[in-house]
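Here is a short tour of one protein chain, written to be read with the model open beside you. Take your time and turn the view as you go.

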Amino acid sequence: MADCIFCKIADGTIPADVVYEDSEMLCFKDIRPAAPVHLLLIPKTHFDSLAHAAPEHEALLGRMMLKVPQIAAEHGLANGFKTQINTGKGGGQEVFHLHVHILGTPSKAV
Ligand code: 5GP
Ligand code: ZN
């Protein structure tokens, strides 16, 4: 979508600190981190929010959910992490391209 900042990150027009990428999703660091680890996982295809997800997105959303703990573990969050999907203005959504926040504090090495 032309004016979507996350589409521009997905196509490389706007730079981001990318930590994971495959053919259908991209994960990058949030520009204003709210936790020591704060990542955003987005589908490369644009849809505005969870409320705009269609049946064709079902498998993609499932694969994204399965990717979350893998990415979290790679960032030291094997002990646990928070996920957040803000949906709509009432849900605090500011960027209208679906994204999953992954938040946490890396556990100390023992
Ligand atoms: P929302 O409130 O829509 O769920 O969250 C949007 C998130 O995107 C915010 O945490 C904000 O810091 C992040 N963000 C907004 N613009 C950019 C950007 O250009 N680059 C990156 N990496 N993150 C962004
Ligand atoms: Zn978009």
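What follows goes from the sheet to two chosen residues and then to a pocket.

First, some ground rules: this is a predicted model, in which local features need pLDDT of at least 70, side-chain atom pairs count only at pLDDT 80 or more, and totals for chains, interfaces and linings use all residues. Residues are numbered from 1 along each chain as its sequence is written, chains are lettered from A and ligands numbered from 1 in the order in which they are written, and side-chain values use heavy atoms, leaving out hydrogens and water.

**The sheet.** Helices (H or I, at least four residues) and strands (E, at least two) are DSSP runs, numbered from the N terminus. Five strands, 5 in the order β1-β2-β3-β5-β4, make an open sheet with antiparallel pairing; two strands pair if DSSP finds at least two bridges between them. At the edges are β1 (18–21) and β4 (82–84), each pairing on one side only. β1 runs antiparallel to β2 (residues 25–29), joined by 3 bridges, and Y20 faces C27 in β2. Helix α2 lies across β1, β2, β3, β4 and β5 (100–104), at about 155 degrees to β3. Such angles run from 0 to 180 degrees between N-to-C directions, with axes fitted to C-alpha atoms, for helices over the stretch in contact.

**Two residues.** Is H38, in strand β3, buried or exposed? H38 counts as buried because its relative accessibility is 7%, where buried means under 20% relative accessible area, exposed over 50% and partly exposed in between (1.4 Å probe, protein chains only). The H38 side chain makes these polar contacts (pairs of N or O atoms within 3.5 Å; within protein, one must be able to donate a hydrogen and the other to accept it, and residues adjacent in sequence count only if both atoms are side-chain atoms):

| Partner of the H38 side chain | Distance |
|---|---|
| A34, backbone nitrogen | 2.9 Å |
| H101, side chain | 2.8 Å |

A53 sits in the loop between β3 (37–43) and α2 (58–74) and is partly exposed, at 30% relative accessible area. Leaving aside neighbours within four places in sequence, A53 is in contact (heavy atoms within 4.5 Å) with F47 and L61.

**The pocket.** The largest pocket is lined by 22 residues, with F6, D30, I31, R32 and L40 nearest its centre. Helix α1 gives the largest share of that lining, 3 residues. A pocket here is an open set of points, on a 1 Å grid over the protein atoms alone, where a 1.4 Å probe fits, with protein on both sides within 12 Å along at least five of seven lines; lining residues have an atom within 4 Å of a point.
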